[in-house]
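Please look through the structure shown here together with its sequence. The text after it moves from the overall fold to single residues.

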Amino acid sequence: MAVMASEQAAGGVPFRHPPEQAPLDAAAVVDLDELDALVTTCRACPRLVAWREEVARVKRAAFRDQEYWGRPVPGFGPHDASILIVGLAPAAHGANRTGRMFTGDRSGEVLYAAMHAVGLASRPVAVWRDDGLELYGTRISAPVRCAPPANKPTPDERHRCAPFLARELELLGGTVRVVVVLGGFGWQALMASLMDAGWLVPRPRPRFGHGARVRIAHRDGRMLDVLGCFHVSQQNTFTGRLTPAMVEEVLAKAKQLAGVGTDD
Ligand code: SF4
């Protein structure tokens, strides 16, 4: 098969496929720096590429002086994280603007405040990708890396993007002990990625719910706890379906199960 060299990996080696086929390179990247570099080059979903770039060009009036990121958003957090938080997809004027997961939008205000409250983030506020915010023992990612119109990726788009999360799980495999999933869509996507990464997901697949907890074994004997949490979207937080205390409770449970902050 004829292939073209694409953008440079973090180590300077060109990726094998062009940006329109970037997910095909996910399985070959050797670390999270390379994976993050690969993700940001991807142009595999024509509808999402057009949307993310259109949003970045037109902008929201309040942000018209800012240069939007307008690209796929990589994971955020340490490479030896024990907890992985999985959302849905970047928000058009949040992560698609700032270039970092849950940064610069109302959902992120709730999530980072809760993370800070339980000791998983250095600050309660996230405004921009280089604002100095640090996460402790925790990485944040998503099954779809580009902002979708109406926050709804198609099944094809979800499927196309899945290799990135699957590889992220593999590369975190040595340390990650708990995954917190925000919302039912992320839950379904995570279960598919876990199966791809060698985790023995029960059948029928475990159902999502706020407070749900599932323990999943890997073929190599590792164990993973997966916790469900309603998504931190305005739809949930404005209606009171999800309160800050509920988010903190799930994150505190994740911290306890993963042993974050108890090693020394
Ligand atoms: S959603 Fe994923 S697969 Fe599709 S263009 Fe964005 S990064 Fe690539």
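Helices are DSSP runs of type H or I with at least four residues, and they are numbered from the N terminus. Aspartate 156 is found in one of these runs, helix 5. The model is a predicted one, and aspartate 156 returns below, once the whole chain has been described.

How far can the prediction be relied on, in terms of pLDDT? The average pLDDT of the protein is 93, and 94% of the residues score at least 70. Residues 1–5 have a pLDDT below 50, and in the model this stretch makes 4 contacts beyond near neighbours in sequence. Where pLDDT is low, the predicted coordinates should not be read in detail.

The protein contains 8 helices and 6 strands. Read from the N terminus, the order of elements is α-α-β-α-α-β-α-β-α-β-β-β-α-α. The C-alpha trace spans about 45 × 45 × 40 Å along its principal axes. A compact globule of 264 residues would have a radius of gyration near 18 Å, and the protein, with 17 Å, agrees with that. Of the 264 residues, 48% count as buried. Contacts between residues at least 6 apart in sequence can be divided further: 63% of them join residues at least 24 apart.

Next comes the ligand. Which residues come nearest to the ligand? Of the 16 residues around it, these are Cys42, Cys45, Pro72, Cys146 and Cys161. Two elements give two or more residues to this shell, namely helix 2 (46–58) and helix 5 (155–171). Helix 5 gives the most, with 3 residues. By type, the shell holds 12 nonpolar residues, 4 charged residues and no polar ones.

Helix 2 can be checked for its length. The 13 residues of helix 2 should span 18 Å at 1.5 Å a residue, and the end C-alpha atoms are indeed 18 Å apart, so the two values agree. After helix 2 comes lysine 59, which has a positive phi near 65 degrees.

In helix 5, is aspartate 156 buried or exposed? A residue counts as exposed if 12 or fewer other C-beta atoms lie within 10 Å of its own. Aspartate 156 has 10 such atoms within 10 Å, and is therefore exposed. Its C-alpha atom is separated by 8.7 Å from that of cysteine 45, although the two residues are 111 apart along the chain. Cysteine 45 is also one of the residues that come nearest to the ligand.

Helix 4 covers residues 106–117. Its 12 residues reach 17 Å from the first C-alpha to the last, close to the 16 Å expected at 1.5 Å a residue. How many residues of helix 4 are buried? The number is 9 of 12, and the helix is mostly covered. Among the buried residues are Val110, Leu111, Tyr112 and Met115. The buried residues of helix 4 pack against strand 2 (138–141), helix 7 (234–237) and helix 8 (244–258). Following helix 4 is glycine 119, with a positive phi near 90 degrees.

Some residues in the loops also deserve a look. Phenylalanine 102 lies in the loop between helix 3 (95–98) and helix 4. Its phi is near 55 degrees, which is a positive value in a residue other than glycine. Phenylalanine 102 is buried because 27 other C-beta atoms lie within 10 Å, the cut-off for burial being 20 or more.

Alanine 150, in the loop between strand 2 and helix 5, likewise has a phi near 55 degrees. Alanine 150 is exposed, because there are 7 other C-beta atoms within 10 Å.

The loop between strand 4 (199–200) and strand 5 (213–218) holds proline 202. With 11 C-beta neighbours inside 10 Å, proline 202 counts as exposed. Its C-alpha atom and that of valine 214, which is 12 residues away along the chain, are separated by 9.4 Å. Proline 204 has its place in the loop between strand 4 and strand 5 too. The peptide bond that joins arginine 203 and proline 204 is cis, with an omega of about -5 degrees.

Methods
Residues are numbered from 1 along each chain as its sequence is written. This is a predicted model: local features need pLDDT of at least 70, side-chain atom pairs count only at pLDDT 80 or more; totals for chains, interfaces and linings use all residues. A residue is near a molecule or strand if its C-beta atom, placed from the backbone, lies within 6 Å of it. Ala, Val, Leu, Ile, Met, Phe, Trp, Tyr, Cys and Pro count as nonpolar, Asp, Glu, Lys and Arg as charged, and the others, Gly among them, as polar. The expected span of a helix is 1.5 Å times one less than its number of residues. pLDDT is the predictor's confidence in each residue, from 0 to 100. Two residues are in contact if their C-beta atoms, placed from the backbone, lie within 7 Å. The radius of gyration is taken over C-alpha atoms; the globule rule is 2.2 Å times the number of residues to the power 0.38.
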